[in-house]
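Grab a coffee and open the viewer. Below are some short exercises, each with a solution that goes step by step.

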Amino acid sequence: MPEAPPDEAPALHVEEIDVTYGRALSALRSVSLTVPHGGVVALLGANGAGKTTLLRAVSGTLRLHRGAVTAGRIRYGGTVLDGRDPVAAVRAGVVQVPEGRRVFAGLTVDENLRTGGLGLSRRAPAQVREARERVLTLFPRLAERHRQAAGLLSGGEQQMLAIGRALMASPRLLLLDEPSLGLAPLMVERIAEVVREINAQGTAVLLVEQNAGMALSLADHAHVLEVGEVRLSGPAAELARTDAVRRLYLGETADGQGAA
Ligand SMILES: Nc1ncnc2c1ncn2[C@@H]1O[C@H](COP(=O)(O)OP(=O)(O)OP(=O)(O)O)[C@@H](O)[C@H]1O
Ligand SMILES: [Mg+2]
């Protein structure tokens with residue numbers, strides 16, 4: 001297959017991948033999903049289902065965790081991503097926001113932002129300035145605190161910084177790992193707005209969440225992972241109506257009432 005020209009609208013295709021950690025631990029089995037150019041796709045599932053593992057496989061960070069794609073193929077446009085490193089993914093336009101934020105607590109907000117897109121050394125300073133402007137417009141709170149140490153930010157602000165740092169690489173596909181984790185409802189709503197805005201600016205999003213309500217309200221399409229396998233897939237609105245998703249992930253009881 002020829003390499004797609006860089007400005008052609010690429011889609012992510014994960015095709016029947018198996019992922020193993022170490023020698024034996026099978027974390028994903030025959031998992032497939034597609035994120036179309038400019039789309040939002042949600043990946044739901046309980047703890048340990050393999051959600052983070054899937055994002056690592058796409059972003060080339062699996063090897064850092066002693067994992068490997070042992071079967072199948074990951075393509076982004078014309079670029080094969082399985083078995084590549086994180087720099088290759090970033091260069092292809094695919095950037096992951098890790099679970100748990102992982103901002104550098106001792107560095108300032110600005111310094112954290114500057115670490116975003118470091119694999120893209122050939123970028124002109126004007127491009128970097130433009131990316132920074134975009135981030136600070138999207139997150140006025142970060143603009144106000146740009147000289148402050150990241151460790152002093154609230155959890156929600158750290159999540160914004162983690163997303164902002166990823167946006168510094170001007171991704172065309174953003175991989176978001178549980179951005180709502182541990183945040184108060186108002187902050188979750190704010191993060192949801194930000195994801196909508198990022199998507200409206202043309203960036204596709206693969207959103208991993210345990211907060212199914214938030215994820216399904218944002219996504220066009222969704223998949224449910226269960227112990228390493230895709231159990232359910234479909235349009236987000238349809239999945240939100242299925243009994244299994246309502247009970248397991250939307251906190252409803254069997255009689256259709258919201259749980260306490
Ligand atoms: N570095 C690792 N080495 C060995 N096993 C791992 C490693 N990382 C994850 N696993 C295992 O792979 C499986 C999938 O884990 P993963 O972190 O992808 O799940 P998850 O769906 O993201 O869960 P959570 O919602 O808790 O974040 C689990 O059984 C986990 O114990
Ligand atoms: Mg995870």
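One thing before you start: this is a predicted model.

**Exercise 1. Decide whether Glu-178 is buried or exposed, then look at its backbone.**

Solution. Start with the accessibility. Glu-178 comes out at 5%, and the cut-off for buried is under 20%, so Glu-178 counts as buried. Next, place it: Glu-178 sits in the loop between strand S7 (173-177) and helix H7 (185-200). Now check the backbone. Its phi is near 50 degrees, which is a positive value in a residue other than glycine. That's worth a second look, because most residues other than glycine have a negative phi.

**Exercise 2. Do the same for Arg-102: is it buried or exposed?**

Solution. Begin with phi again: for Arg-102 the value is near 50 degrees, positive in a non-glycine residue. This residue belongs to the loop between S6 and H3. Then take the accessibility, which is 58%. The cut-off for exposed is over 50%, so Arg-102 counts as exposed.

**Exercise 3. Find the protein donors of the magnesium ion (ligand 2) and say where in the chain they come from.**

Solution. Step one: pick out the donor atoms. They are OG1 of Thr-52 and OE of Glu-99, at 2.0 to 2.8 Å from the ion. Step two: trace each one back to its element. Thr-52 is in helix H1 (residues 51-59), while Glu-99 is in the loop between strand S6 (94-97) and helix H3 (109-114). That puts the two 47 residues apart, so the pair links distant parts of the chain. Step three: compare their cover. Thr-52 has a relative accessible area of 14% and is buried; Glu-99, at 31%, is partly exposed.

**Exercise 4. Describe what surrounds ligand 1: how many residues, and which are the closest?**

Solution. Count the shell, and you get 16 residues around ligand 1, with Gly-48, Lys-51, Thr-52, Thr-53 and Glu-99 as the closest. Sort the shell by type: five are nonpolar, seven polar and four charged.

Then go through some individual atom pairs:

- Asn-47 has a polar side-chain atom 2.8 Å from an oxygen atom of ligand 1.
- Gly-48 uses its backbone, with an N or O atom 2.8 Å from an oxygen atom of the ligand.
- His-65 also has a backbone N or O atom in play, 3.2 Å from a nitrogen atom of ligand 1.

On its own, ligand 1 has 640 Å² of accessible area, and the protein covers 68% of that. Which elements give two or more residues to the shell? Those are strand S2 (25-35) and H1. The top contributor is H1, with four residues.

**Exercise 5. Work out how many residues of H1 are buried, and what follows the helix.**

Solution. Go along the helix and tally: nine of its nine residues are buried, so H1 is mostly covered. The buried residues include Lys-51 and Arg-56 as well as Leu-54, Leu-55 and Val-58. Step past the end of the helix and you land on Gly-60, whose phi is positive, near 75 degrees.

**Exercise 6. Asp-110 and Asn-112 both belong to helix H3. Find which residues each one contacts, leaving aside neighbours within four places in sequence.**

Solution. Take Asp-110 to begin with. Its relative accessibility is 12%, so it counts as buried. Its contacts are Arg-132 and His-146. Move on to Asn-112, which has a relative accessible area of 0% and is buried too. The contacts of Asn-112 are Val-103, Phe-104, Leu-107, Ala-150, Leu-161 and Arg-165.

**Exercise 7. Locate Met-214 and list its contacts, again skipping neighbours within four places in sequence.**

Solution. Met-214 is found in helix H8 (residues 212-218). With a relative accessible area of 7%, Met-214 is buried. Its contacts are Ser-180, Val-188, Ile-191, Ala-192 and Glu-209. Now zoom in on one of them: Val-188 is 26 residues from Met-214 along the chain, and their C-alpha atoms are 7.9 Å apart.

**Exercise 8. Find the contacts of Val-90, with the usual neighbours left out.**

Solution. Look in helix H2 (residues 86-92), where Val-90 lies. Beyond its neighbours within four places in sequence, Val-90 is in contact with Val-95, Leu-120 and Ala-169. For a distance check, go to Val-14: it is 76 residues from Val-90 in sequence, and the C-alpha atoms are 17 Å apart.

Methods:
Residues are numbered from 1 along each chain as its sequence is written. Chains are lettered from A and ligands numbered from 1 in the order in which they are written. This is a predicted model: local features need pLDDT of at least 70, side-chain atom pairs count only at pLDDT 80 or more; totals for chains, interfaces and linings use all residues. Side-chain values use heavy atoms; hydrogens and water are left out. Donors are N, O and S atoms within 2.8 Å of the metal (3.2 Å for Na, K and Ca); water is not among the atoms, so sites may look incomplete. Buried means under 20% relative accessible area, exposed over 50%, partly exposed in between (1.4 Å probe, protein chains only). A residue is near a molecule or strand if one of its heavy atoms lies within 4 Å of it. A polar contact is a pair of N or O atoms within 3.5 Å; within protein, one must be able to donate a hydrogen and the other to accept it, and residues adjacent in sequence count only if both atoms are side-chain atoms. Accessible areas come from the Shrake-Rupley method with a 1.4 Å probe; for residues, only the protein chains shown count as cover. Ala, Val, Leu, Ile, Met, Phe, Trp, Tyr, Cys and Pro count as nonpolar, Asp, Glu, Lys and Arg as charged, and the others, Gly among them, as polar. Contact means heavy atoms within 4.5 Å.
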